[in-house]
Amino acid sequence: MTRLAITINGRALAPTEVRDDLTMNDFLREHLGMTGTKFGCGAAQCLSCAVIIDNPDGTSYTSPTCVVSAISFDGKAIRTVEGHAKNGELTALQKAFIEHFAFQCGYCTAGFLNEAQVLLERLARKPVARDELEKTIAEALDGHICRCTGYVKYHEAVRDVVLADPKRYLA
């Protein structure tokens, strides 16, 4: 057993003893009841289990949780799909996913949403030229697998959010 201290969606959890072999996915889903993070392939290949890891410098990235131990997240701040909406209000990205019906079964949605959020935050810090946007979105979402093949709808949803606020996201 190892003591895990972690901040999830802005809330620091009291240090908790966890088994060394407990995955972060099982910790979120089974110990905390946060089932928005899915367990997909179990091999970190589909990324439906991806969460956002926030760095102290304000940057962030995603990480799979299905094959990564909970203790490897010790001392980190993460965001899950449950942390996106604030005060019951969906984010522009969540609304765009709904408007585009960017999910069918919804199993991969949390991973795509987290990856797209990281992309939007990166673009807000370092905007790209309009002619680079399609490639930038494709590269960001690459690696996420949608068994219902909703790739185009996810891509369109992210693009719409960027184009709705070009001064923020485009150079």
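No disulfides are counted in this predicted model, a disulfide being defined as a pair of cysteine sulfur atoms within 2.5 Å. The sulfur of Cys-41 lies 3.8 Å from that of Cys-46, its closest cysteine sulfur, and is therefore too far away for a bond. Likewise, the closest cysteine sulfur to that of Cys-66 belongs to Cys-49, and the separation of 3.7 Å is too far for a bond. Cys-66 is buried, at 6% relative accessibility, whereas Cys-41, at 33%, is partly exposed; buried means under 20% relative accessible area, exposed over 50%, and partly exposed in between (1.4 Å probe, protein chains only).

Residues are numbered from 1 along each chain as its sequence is written, and side-chain values use heavy atoms, with hydrogens and water left out. Because the model is predicted, local features need pLDDT of at least 70 and side-chain atom pairs count only at pLDDT 80 or more, while totals for chains, interfaces and linings use all residues.

The largest nonpolar core (a set of buried Ala, Val, Leu, Ile, Met, Phe, Trp, Tyr and Cys residues joined through side-chain atoms within 4.5 Å) contains 26 residues, of which Leu-93, Phe-97, Tyr-154 and Val-158 touch the most other members. At least two residues of this core come from each of helices H2 (92-99), H3 (109-125), H4 (133-141) and H5 (151-164); H3 provides the largest share, seven residues. Helices (H or I, at least four residues) and strands (E, at least two) are DSSP runs numbered from the N terminus. With residues up to four places away in sequence left out, Leu-93 is in contact (heavy atoms within 4.5 Å) with Leu-113, Ala-116, Gln-117, Leu-120, Val-158 and Val-161. Another core, of 15 residues, lies apart from the largest one and has Ile-6, Ile-8, Leu-22 and Met-24 among its members.

Five strands form an open sheet with mixed pairing, in the order E3-E2-E7-E5-E6; two strands pair if DSSP finds at least two bridges between them. Strands E3 (11-12) and E6 (60-63) are the edges, each pairing on one side only. E3 and strand E2 (residues 7-8) are antiparallel, with two bridges, and Thr-7 is placed opposite Ala-12 of E3.

Helix H1 (residues 24-31) has Met-24, Asn-25, Phe-27 and Leu-28 as its buried residues. The elements covering these buried residues include strand E1 (2-4), E2, strand E4 (16-18), E5 and E7. Gly-33, just after H1, adopts a positive phi of about 70°.
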